[in-house]
Amino acid sequence: MKKALFAFGQWYDLQIQVRPVATKALTSSFLAVCSSVVAQIIRRKLSLKEVLSFTLQAAPPFSHFWFAMLEAKLGPGKALLKTALDQLFFRPIMVFYCFVATGVLSGKRWAEVHANVQRNFAKVVINSWKVWPGAIFLTQRYLPQHYRSAFIELLAFFWDVYESLMICSEEVTDEKK
């Protein structure tokens with residue numbers, strides 16, 4: 001088992017070096033499938049349409065381009081500044097994108113997507129600030145640039161379970177409260 005994991009690690013490392021965008025897109029898609037399924041198991045409601053929509057919105061490796069732009073514009077180091085920029089600008093935009101893209105791709109009407117954004121967006125962004133600053137700071141400070149987005153995607157598996165629960169939550173009626 002150790003040998004297989006080590007071989008996979010070497011292969012994955014090569015793929016990140018040779019095909020960074022494709023590798024990161026496949027990684028985020030695979031982890032999105034897993035996190036969506038876990039969230040659905042928690043809710044006891046399975047939907048292939050929801051898995052596909054959550055996976056499609058997660059497929060583009062936006063973090064790869066974001067981290068590359070931060071590195072190009074700010075240079076090496078400056079982990080605290082990069083973390084602040086990430087948390088104040090990029091992450092809220094990505095949370096909004098996830099709400100809208102997942103809602104639209106799963107076939108919800110715009111009014112439903114808008115209502116869900118109003119109901120849950122601020123809560124998710126605030127909760128993200130409880131989780132992500134430390135992870136982003138450590139990533140910016142200690143990982144080589146080509147591993148940053150892949151590492152964040154791995155950590156995001158757990159976050160995406162929560163985010164999937166919030167994005168795909170049904171409105172609580174007064175009777176259910």
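A contact here means heavy atoms within 4.5 Å. With that in hand, the chain can be explored from its overall fold down to single rings. The structure is a predicted model, in which local features need pLDDT of at least 70, side-chain atom pairs count only at pLDDT 80 or more, and totals for chains, interfaces and linings use all residues. Residues are numbered from 1 along each chain as its sequence is written, and side-chain values use heavy atoms, with hydrogens and water left out.

Among contacts between residues at least 6 apart in sequence, 73% join residues at least 24 apart. The chain contains seven helices and zero strands, where helices (H or I, at least four residues) and strands (E, at least two) are DSSP runs numbered from the N terminus. Its pattern along the sequence reads α-α-α-α-α-α-α. The radius of gyration is 17 Å, close to the 16 Å that the globule rule gives for 177 residues, so the chain is as compact as a globular protein of that length. This radius is taken over C-alpha atoms, and the globule rule is 2.2 Å times the number of residues to the power 0.38. Along its principal axes, the C-alpha trace spans about 50 × 40 × 25 Å.

Turning to the surface, 43% of the 177 residues count as buried; buried means under 20% relative accessible area, exposed over 50%, and partly exposed in between (1.4 Å probe, protein chains only). The accessible surface comes to about 10,500 Å², of which 71% belongs to carbon and sulfur atoms. These areas come from the Shrake-Rupley method with a 1.4 Å probe, and for residues only the protein chains shown count as cover.

Aromatic rings add some local detail, with nine aromatic pairs in the structure. Rings of Phe, Tyr and Trp (its six-membered ring) pair if their centres lie within 6.5 Å; planes under 30 degrees apart count as stacked, over 60 as edge-to-face and the rest as tilted. F62 and Y97 make an edge-to-face pair, 5.2 Å centre to centre with 85 degrees between the planes. F62 lies in helix α4 (residues 62-74) and Y97 in helix α5 (residues 79-105), so this pair ties together parts 35 residues apart in sequence. Both rings belong to partly exposed residues, F62 at 31% relative accessibility and Y97 at 24%. F96 and F121 also pair edge-to-face, 6.0 Å centre to centre and with 90 degrees between the planes. Here F96 in helix α5 meets F121 in helix α6 (residues 110-142), 25 residues apart. Ring pairs also link F8, W11 and Y12 into a cluster.
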